[in-house]
Amino acid sequence: MSSLMRCINVTARCATLRRSEQLFPVGLTGGQHTYVLNICRNPGITQDQLAKMIYINKSNVARQVAQLEQAGFIERRVDKQDKRQMLLYPTQKAKDALPAISQALKEWNDYLNAEFTEEQRIMLEQMMEKVMNRAKAFIDAQPGREGSAK
């Protein structure tokens, strides 16, 4: 029997591969949708805040932000209150990509849930929420994670 984490990891990698195929026409990779979605939802967010919000280390966020900026999806602006901070803002290109991102996420979710009854889907979602919340609570309790966005 496969372990829970192996199942989650393989499913996540498959999702990334599928999103890469679906989002290629708009110029995004399968892993960049999270950045675009969260920057669009939180214009003016800092890289540190974004890293905490999406549970990805700062160096990976910095790399992805640089790629997204170069591709024209986001722009960085100096924070007027703290000149050392760079704030992240979506461009129109990012906003225009949102329907494609939403569609890709919906199609994958629908595909994964296709063989479940409604009751099973709800139960699975509730159980996975518990797993996710427990994982987040563990990481948020680590030193250096103060002020983490939930």
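Colleague: Where does Y55 lie, in terms of the helices around it?

Modeller: In this predicted model, Y55 is found in a loop rather than in a helix or strand. The phi of Y55 is near 60°, a positive value in a residue other than glycine, and at 26% relative accessibility Y55 counts as partly exposed. The loop that holds Y55 is the one between α3 and α4.

Colleague: What is the overall pattern of helices and strands along the sequence?

Modeller: The chain has 150 residues, of which 28% count as buried, and its C-alpha trace spans about 50 × 40 × 25 Å along the principal axes. Its secondary structure comes to 6 helices and 3 strands. Read along the sequence, these elements follow the pattern α-α-β-α-α-β-β-α-α.

Colleague: How many Å does helix α4 reach from its first C-alpha to its last?

Modeller: Helix α4 takes in residues 58-70, which gives it 13 residues. At 1.5 Å a residue a span of 18 Å is expected, and the helix comes close to that. From its first C-alpha to its last, α4 reaches 18 Å.

Colleague: Why do the buried residues of α4 line one face of the helix?

Modeller: The buried residues of α4 are V61, V65 and L68, and buried here means under 20% relative accessible area. An α-helix has 3.6 residues a turn, so residues three or four places apart point the same way. Seen down the axis of α4, the buried residues therefore line one face, since they fall within an arc of 65°.

Colleague: Which elements do the buried residues of α4 pack against?

Modeller: Two of the residues concerned, V61 and V65, also appear among the residues that L50 touches, a list that leaves out residues up to four places away in sequence. That list also includes Y35, N38, I39, I45 and L88. Taken by element, the buried residues of α4 pack against α2 (33-41), α3 (47-54), β2 (74-78) and β3 (86-90).

Colleague: What is the order of the strands in the open sheet?

Modeller: The edge strands are β1 (45-46) and β2, and each of these pairs on one side only. Strands β2 and β3 pair in the antiparallel sense over 5 bridges, and E75 stands opposite Y89 in β3. The open sheet has 3 strands with antiparallel pairing, and their order is β1-β3-β2.

Colleague: Which element gives the most residues to the largest nonpolar core?

Modeller: The largest nonpolar core has 21 residues, and those with the most contacts inside it are L28 and L50. The elements that give two or more residues to this core are α2, α3, α4 and α5 (92-113). With 5 residues, the element that gives the most is α2.

Colleague: Is the aromatic pair of W108 and Y111 stacked or edge-to-face?

Modeller: W108 and Y111 both lie in helix α5, 3 residues apart, which is about one turn of the helix, and Y111 is exposed, with a relative accessible area of 59%. The rings are 5.7 Å apart from centre to centre, with 25° between the planes. Planes under 30 degrees apart count as stacked, so the pair of W108 and Y111 is stacked.

Note on methods. Residues numbered from 1 in each chain as written. Predicted model: local features only at pLDDT ≥ 70, side-chain atom pairs only at ≥ 80, totals over all residues. Heavy atoms only, no water. Helix = DSSP H or I, 4+ residues; strand = E, 2+ residues; numbered from the N terminus. Expected span 1.5 Å × (residues − 1). Buried < 20%, exposed > 50% of the residue type's maximum accessible area, 1.4 Å probe, protein only. Arc of directions from axis to C-beta. Contact = heavy atoms within 4.5 Å. Pairing = 2+ DSSP bridges. Core = buried A, V, L, I, M, F, W, Y, C linked by side-chain atoms within 4.5 Å. Phe/Tyr/Trp six-rings, centres within 6.5 Å; stacked < 30°, edge-to-face > 60°.
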